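The report below takes up the sheet, a bent helix, the cysteines and the nonpolar cores, in that order. Please keep the structure in view while reading.

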Amino acid sequence: MNTKKWVFAFGGGTADGNKSMKALLGGKGANLAEMSSIGLPVPPGFTISTETCKYYNENKFQWPVELEAQVNEGIRGLESLMGKKFGDPKNPLLVSVRSGAALSMPGMMDTVLNLGLNDAVVDGLAKLTGNERFAYDSYRRFIDMFGDVVMSVSHEYFEEVIESLKEEVGAKLDTELSTDDLKELVERYKAVYRKHTGFMFPENPMEQLKFAINAVFNSWNSGRAIKYRQINKIFGLLGTAVNVQSMVFGNMGDTSATGVCFTRNPSTGENKLYGEFLINAQGEDVVAGIRTPSPIDELEAIMPESFKELNKLTSMLEDHYKNMQDIEFTIEEGKLYILQTRNGKRTGSAAIRIAVEMVKDGIVDERTAVRELVEPLHLDQLLHKQLKADSYGAAEVIGNGLPASPGAAVGKVILTSDEAEKAAANGEKVILVRVETSPEDVGGMAAAQGILTSRGGMTSHAAVVARGWGKPCVAGCSDIIINYKKRSFTNGTTTIKEGDYISIDGSTGVVLIGKKELTDPSFDNNYHLFMSWVDEYRTLAVRTNADSPNDATVARNYGATGIGLCRTEHMFFAPDRINAMRRMILSESVSERKEALKTLLPFQKDDFLGIFEAMNGLPVTIRLLDPPLHEFLPHTDEEIIHVAHELDIPAKLMRTKVLQLKEFNPMLGHRGCRLGITHPEITEMQATAILEAAVELTLAGKTVLPEIMIPLVGTVEEYDHQATIIKEVAEKTFEKYGKKIDYKIGTMIEVPRAALTADRIAEHAEFFSFGTNDLTQMTFGYSRDDAGKFLMHYIGEKILPVDPFQVLDVDGVGQLVQLAKERGRQVNPSLKVGICGEHGGDPHSIEFCYNIGLDYVSCSPFRVPIARLAAAQAHLKADAKKENKSATVVA
């Protein structure tokens, strides 16, 4: 019987894995194996698979039976490769323990360095290296990390102790502490550990290792990790892998260093090595923003040979992975080691530039650039506003930091993540201001408009996460001093209190007092070239949801190929027509209602004239009146009295009508086609406005392609009732103008019964448009307006992977969509089918729509570029699967 393999070794020029095994080994483990195989200087180690994490979390935090023996074997392998012994004071092997999921989650999982140190080993390490200061510096770091990561003793407790000691001895920097100072610090750290855990610090290295491995597994379900996955819509992963790797040391003195670099600038995309390093430091110092590092260019003057080799290896990695790389490295007494590589997080503008330049340089082809190098959310970032030029003077600048993530933001200063989340939930725009951010801050970072830190560099946690999310960020703004107790920060002359407004520019690093004006972004030639490639590989059409000529024009400029949803009810809420709508609702007879509708007809017609003209030559789907009539009426006594006065009717009559129209469950009540059936004159007026506008513009030389959509149909009889009225209006309109035009009649599929009887409806309808917002609501039985009260709890308890109103539920709602499409096309092969809910702009949902063969998706104007890219990537992904399948069959 074969033993299940849980542990995969790498190092010494060989590896048990490769870069294709990310699902099993995590991104970090797969890339460490790959780099080892191609001969890069990677410290040897082993990876415990993501399957192990899944087993651990599903089996009451127990290890698989075989795991302990395989971990011991992994340690023996490292001892053999390194010529050292784990726990041996004379020649000690130390290891790092790091996490690594299949998808990159910067700062989300936990890391422990220098594992294996104890009182005996630290003395042996000092003697072996002849560097007592280095040994005790490593030991104090290990106690801090182990306490924080493994035993939940907050890093702040250790930070307080080191700051107190530095003050006692007159040291400004950690590096100014003497060996004796560090020995004292180790004892104080042990006291902190003992005070907060009730235990002595563990001396047994194998016990330390087991605790650390478990801590990484546990971190997969930490609040911050769950929140990060929710924010980024990451689901379906097994868990995190654990990477145990031989330590190399950047803190052995002035010939040692540690750093993080990108093969290209992650903010601008410039093709130049970009990053930061620290002399005599360990990696966590850089990424956690504990010390402000130096730009990577300065390494050339300090360690020219190491810099030359770093340039060579980083270029090799970019060529190998065909993508911009984010690389962690350590230099130990002049020898360079690569600790990690991964595809680098980048801004939207950088992603576009990198994609275009990599194609021009022959590194990738256009297909690969579209499929791999730009994410849909990168395009979302490009839509961020900027500070208006000349909108401020020098006197308004309160600080300058590093331009860590581009875009501008305005908001109230909030100093804690919890408060930022609360304020944002109340509709306030906030800027999260922190000394430095940590993974605990992800909720507040996601809620904030922008992020400002006083410490940290371009590769700090704040910078990396902000760039990944497209949040403006100014990092390392040392001009300001933050006082959490006083809830304020100051630059020495100006003090900003929590709740005051500031503006930040993540493109320049400037911080300004007060609210500044923002302007819309612009798009360069690289963007237009890249999007031309996107459309070349896109087969799914992208329409827009637009209710005005302005929305239509914006969407067309963003590449929309038509309007998939024009909501006519939005037009009635305008101040100059809402009272006419109310007169129609208050009418006591059909004749009165028709008279009121005559007043509304010109308004509706003008709306359609403007929209049709803006979309000249492109299809426009117009949904007939959908919401219940009570939404157009006043609700409070004060509003009722005011509107009654405006309409010159008794307030009592108004109040009676409001009560008559009130429904217990209006979303399932008298709305949609039900309104048109009980009040056919409404459908008649709207059809007249649509068709007269279309004919008039056609006569004026425009190409108009109207599609009239009947909402909330549940039976074919409902559809036929409304379609008959529309056709009768069409005949009268064509006769009136002496001109016939092509038009379509279809329906919105948002009632489950309509999906189940789609074959009957498709015998009459010319198109289906899935209203996935209501279809989700009715399929789950969730009220969209109330589900927020429990959905986050459902996601936290893993009852649902994501909010089904944001990402289409392919297993339930998606099956209804697919069923309706298939049944509809069986009887009507030319049936046009698309979706027009919020899901039309979500990349995951768009991929599903492509895979089941829909004709189009429709989304808000500002999500059109995102949908175009997501549609192209869905097509290219499907093509790649077919190619792989064909290659497998041939093999």
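**The open sheet**

In this predicted model, six strands form an open sheet with antiparallel pairing, in the order β2-β1-β3-β8-β6-β7. Its edges are β2, at residues 14-15, and β7, at residues 111-115, each of which pairs on one side only.

Within the sheet, strand β6 (residues 95-100) runs antiparallel to strand β8 (residues 241-246), and six bridges join the two. One point at which this pairing can be followed is S96, whose bridge partner in β8 is Q245.

**A bent helix**

Helix α1, at residues 22-37, has 16 residues, yet its end C-alpha atoms are only 15 Å apart, whereas a straight helix at 1.5 Å a residue would reach 22 Å. The helix α1 bends by about 80° at K28, and K28 is also among the buried residues of α1.

Because 12 of its 16 residues are buried, α1 is largely enclosed by the rest of the structure. The buried residues begin with L25, G26, G27, K28 and G29, continue through A30, N31, L32 and A33, and end with E34, M35 and S36. Just after α1, G39 takes a positive phi of about 90°.

**Cysteines without disulfides**

The count of disulfides comes to zero, judged by whether two cysteine sulfur atoms lie within 2.5 Å. C473 is in no disulfide, and the nearest cysteine sulfur, which belongs to C477, is 11 Å away; C473 itself counts as buried, with a relative accessibility of 0%.

Why is the sulfur of C673 not in a bond with that of C836? The sulfur in C836 is the closest cysteine sulfur to that of C673, but it is 15 Å away and therefore too far for a bond. C673 likewise counts as buried, at 1% relative accessibility.

**Nonpolar cores**

In soluble globular proteins, nonpolar side chains tend to be buried together. Here the largest nonpolar core has 112 residues, of which I48, V71, L115, L209, V370, L379 and F530 touch the most other members. Helix α5, at residues 132-150, gives the most to this core, with 10 residues. A second core, separate from it, has 79 residues and includes L540, A555, M615 and A820.

The surroundings of V370 can be listed in detail: leaving aside residues up to four places away in sequence, V370 touches F530, W533, V534 and Y537, together with L869, A872, Q873 and L876. Of these contacts, F530 is itself named with V370 among the residues that touch the most other members of the largest core.

Terms used: Residues numbered from 1 in each chain as written. Predicted model: local features only at pLDDT ≥ 70, side-chain atom pairs only at ≥ 80, totals over all residues. Heavy atoms only, no water. Pairing = 2+ DSSP bridges. Helix = DSSP H or I, 4+ residues; strand = E, 2+ residues; numbered from the N terminus. Buried < 20%, exposed > 50% of the residue type's maximum accessible area, 1.4 Å probe, protein only. Expected span 1.5 Å × (residues − 1). Bend = angle between axes of the 7 residues up to and from the residue. Core = buried A, V, L, I, M, F, W, Y, C linked by side-chain atoms within 4.5 Å. Contact = heavy atoms within 4.5 Å.
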